[in-house]
Amino acid sequence: MERRDSTGSETLLDCIVIGAGPGGLQACIHLGRYNFRVMLFNIPGGRTSYAKHLENYLDIPLISGPELLETGLGQAKNFGVTIENARVERVTGREGTFEVQASGRPTAPASSSPPQGPRRPSPRSRTFIVSSGTPTTPA
Ligand SMILES: Cc1cc2nc3c(=O)[nH]c(=O)nc-3n(C[C@H](O)[C@H](O)[C@H](O)COP(=O)(O)OP(=O)(O)OC[C@H]3O[C@@H](n4cnc5c(N)ncnc54)[C@H](O)[C@@H]3O)c2cc1C
């Protein structure tokens, strides 16, 4: 959940992380562990999701990429990281903060009937981390 202030505006996050590969997830886990307010954006894909066998991460002799990602996402969620399945298109600086525009972001729940709720404001943070990997196709 994004936190809101008394006026209903979304409050400033501490960090927005772009990409839920090992790099982004590790950042999320540590930031969340220290109680920072973190939002993680990810779209499916990335090198890890294609790896059948990942070898020699510390303490993990062998694991599949998808299994590593699933475990990492669970760890991040447990530390309160908000996860959005959306592609970050643009990051802009505004008043000493960063604003992230993402496509495919779900709308806010509608108070009345369908089809859709109102457009949600773009999240803002004090910092952001790009861990979007490199363009990859399955091996
Ligand atoms: C077949 C194979 C075997 C491998 N074996 C090993 C091994 O044995 N040991 C090892 O250490 N490494 C191995 N690697 C390499 C390892 O998988 C990569 O080093 C690692 O995945 C890089 O992690 P990353 O977080 O930088 O990027 P990625 O894992 O690529 O993650 C980046 C994420 O960012 C998302 N993303 C990109 N752009 C956006 C955007 N605009 N908005 C939102 N999300 C976005 C991507 O979809 C992806 O989910 C292997 C790789 C492959 C393909």
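**Group meeting: a walk through the sheet, the cysteines and the ligand site**

Hi everyone, let's start with the sheet: six strands, open, in the order S5-S2-S1-S8-S7-S6, with mixed pairing. At the edges you find strand S5, residues 82–85, and strand S6, residues 87–94; each has a single partner strand, so one side of each is left without a neighbour in the sheet. From one strand to the next, the twist averages 30°. Please keep in mind that this is a predicted model.

Let me zoom in on one edge. Strand S2, residues 38–42, runs parallel to S5, and 4 bridges join the two. One pair to click on is Phe41, whose bridge partner in S5 is Glu84. Packing on the sheet is helix H1, residues 22–33, which touches strand S1 (13–18), S2 and strand S8 (124–130). The direction of H1 makes about 165° with that of S2.

Stepping back to the whole chain, we have 3 helices and 8 strands. Going along the sequence, the pattern reads β-α-β-α-β-β-α-β-β-β-β. Of the 139 residues in the protein chain, 33% are buried. And if you take the contacts with a separation of 6 or more, 53% of them are between residues 24 or more positions apart.

Now, the cysteines. How many disulfides does the structure hold? The count is 0. Why do Cys15 and Cys28 not form a bond? The closest cysteine sulfur to that of Cys15 is in Cys28, and the distance is 7.4 Å, which is too far for a bond; our cut-off for a disulfide is within 2.5 Å. Seen from Cys28, the closest cysteine sulfur is the one in Cys15. Are these two side by side with solvent or tucked away, buried or exposed? Cys15 counts as buried, at 3% relative accessibility, and Cys28 is buried too, with a relative accessible area of 0%.

Last stop, the ligand. There are 24 residues around the ligand, and those that come nearest are Asn42, Ile43, Arg47, Thr48 and Glu55. Three distances to oxygen atoms of the ligand are nice to show on screen. For Thr48, a polar side-chain atom lies 2.5 Å from a ligand oxygen. For Asn42, an N or O atom in the side chain is 2.7 Å from an oxygen atom of the ligand. Gly45 takes part through its backbone, with an N or O atom 3.1 Å from a ligand oxygen.

That's my tour, so over to you for questions!

Note on methods:
Residues are numbered from 1 along each chain as its sequence is written. This is a predicted model: local features need pLDDT of at least 70, side-chain atom pairs count only at pLDDT 80 or more; totals for chains, interfaces and linings use all residues. Side-chain values use heavy atoms; hydrogens and water are left out. Buried means under 20% relative accessible area, exposed over 50%, partly exposed in between (1.4 Å probe, protein chains only). Two strands pair if DSSP finds at least two bridges between them. Axes are lines fitted to C-alpha atoms, for helices over the stretch in contact, and angles run from 0 to 180 degrees between N-to-C directions. Contact means heavy atoms within 4.5 Å. A residue is near a molecule or strand if one of its heavy atoms lies within 4 Å of it. A polar contact is a pair of N or O atoms within 3.5 Å; within protein, one must be able to donate a hydrogen and the other to accept it, and residues adjacent in sequence count only if both atoms are side-chain atoms.
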